[in-house]
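Subject: Structure for you to look at

Dear colleague,

Here is the structure I said I would pass on. Please open it alongside this message.

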Amino acid sequence: MKIHRDDILAWLKAYANLIAEKKEFLTDLDAAIGDADHGINMNRGFQAVMKKVDELSTQNIGAILKTVGMTLLSTVGGAGGPLYATFFLQAGMKTTGKMELTLAEWVTALDAAVNGVQMRGKAELGDKTMIDALVPAIQALQTAQENGASLQEALQQCAHAAEEGMKATIPLVARKGRASYLGERSAGHQDPGATSSYYLLQTAADIWGS
Ligand code: ADP
Ligand code: MG
């Protein structure tokens, strides 16, 4: 089982739809500990990506992911925009010229994506950011692959770890981004970026794992 270029496009479309559906929810999460724009930001970025779908549909996976990154960079402001842009640009660098990916190649791409976000944002695990969903997710994906899991199983375990990481942000005190300005008052709220990151990996599991 491999991830074909068309699967990448289907993932991006499904994610854009999910973000549109969850726009208010993500913005409500950001209202509690930020500036109430995460859903609006992500939706703006992924609607801009959707406008390029025809152009993307003839490209290889690396080119698609790089275009997504550049589109997010030019349409999404704030902290989240450049971080998601980095995610896709780094994944694109590892998939240059490829029309399909094995599980091992997806592990390599996701690892580079998550490392890129970490390098750019300098957040550690437990700082109450998207890193709290992404790092456990790549670790679970790597472990699954090493244990010989199927693509479906590996993607499910990856999404499950992201979900657990997202939920684990609730009691945390934010140490990065706008939410950190609230100090102790940021505790008791789920991080919006960790939530949108979980959605990204859950969508991959739903779309590629069926
Ligand atoms: P802004 O905070 O500029 O309004 P968004 O609301 O779009 O941008 O995104 C906020 C999300 O960005 C947070 O919930 C958090 O997950 C993520 N974030 C903020 N700063 C960092 C960072 N330094 N590293 C990783 N993620 C971060
Ligand atoms: Mg915000």
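Below is what was found around the ligand and in the pocket.

Please keep in mind that this is a predicted model, and that the values below were computed from it.

Ligand 1 first. It has 20 residues around it, and those that come nearest are Asp35, His38, Ala79, Gly121 and Asp191. Three aspartate side chains each place an N or O atom at a short listed distance from an oxygen atom of the ligand:

- Asp35, at 2.9 Å
- Asp30, at 3.0 Å
- Asp37, at 3.0 Å

On its own, ligand 1 has 560 Å² of accessible area, and the protein covers 93% of that.

As for where the shell comes from, helix H2 (38-50), helix H5 (80-93) and helix H9 (192-208) are the elements that give two or more residues to the surroundings of ligand 1. H9 supplies the largest share, three residues. By type, the shell around ligand 1 holds six nonpolar, eight polar and six charged residues.

Now the pocket. Ligand 1 takes up the space of the largest pocket, and about 520 Å³ of space lies in that pocket. Its lining is made up of 26 residues, of which Ala79, Gly80, Leu83, Gly177 and Arg178 are the closest to the centre. Two or more lining residues come from each of helix H1 (5-33), H2, H5, helix H6 (103-121) and H9. H5 gives the most to this lining, with three residues. The lining of the largest pocket divides into 10 nonpolar, nine polar and seven charged residues.

Two residues and two helices are worth picking out when you go through the model. Ala79 is among the residues nearest to ligand 1, and Ala79 is also among those closest to the centre of the largest pocket. Asp35 is listed among the nearest residues too, and the side chain of Asp35 has the 2.9 Å pair with a ligand oxygen. H9 leads in the shell around ligand 1, whereas H5 leads in the lining of the largest pocket.

Regards

How values were computed. Residues numbered from 1 in each chain as written. Chains lettered and ligands numbered in written order. Predicted model: local features only at pLDDT ≥ 70, side-chain atom pairs only at ≥ 80, totals over all residues. Heavy atoms only, no water. Near = heavy atom within 4 Å. Polar contact = N/O pair within 3.5 Å; in protein donor to acceptor, adjacent residues only side chain to side chain. Areas by Shrake-Rupley, 256 points an atom, 1.4 Å probe, with all protein chains shown as cover. 1 Å grid on protein atoms, 1.4 Å probe; cavity = no way out; pocket = protein on both sides within 12 Å on 5 of 7 lines; lining within 4 Å. Sits in = over half its atoms within 2 Å of the grid points. Helix = DSSP H or I, 4+ residues; strand = E, 2+ residues; numbered from the N terminus. Nonpolar A, V, L, I, M, F, W, Y, C, P; charged D, E, K, R; others polar. Points joined across faces, edges and corners; volume = space filled by probe spheres on them.
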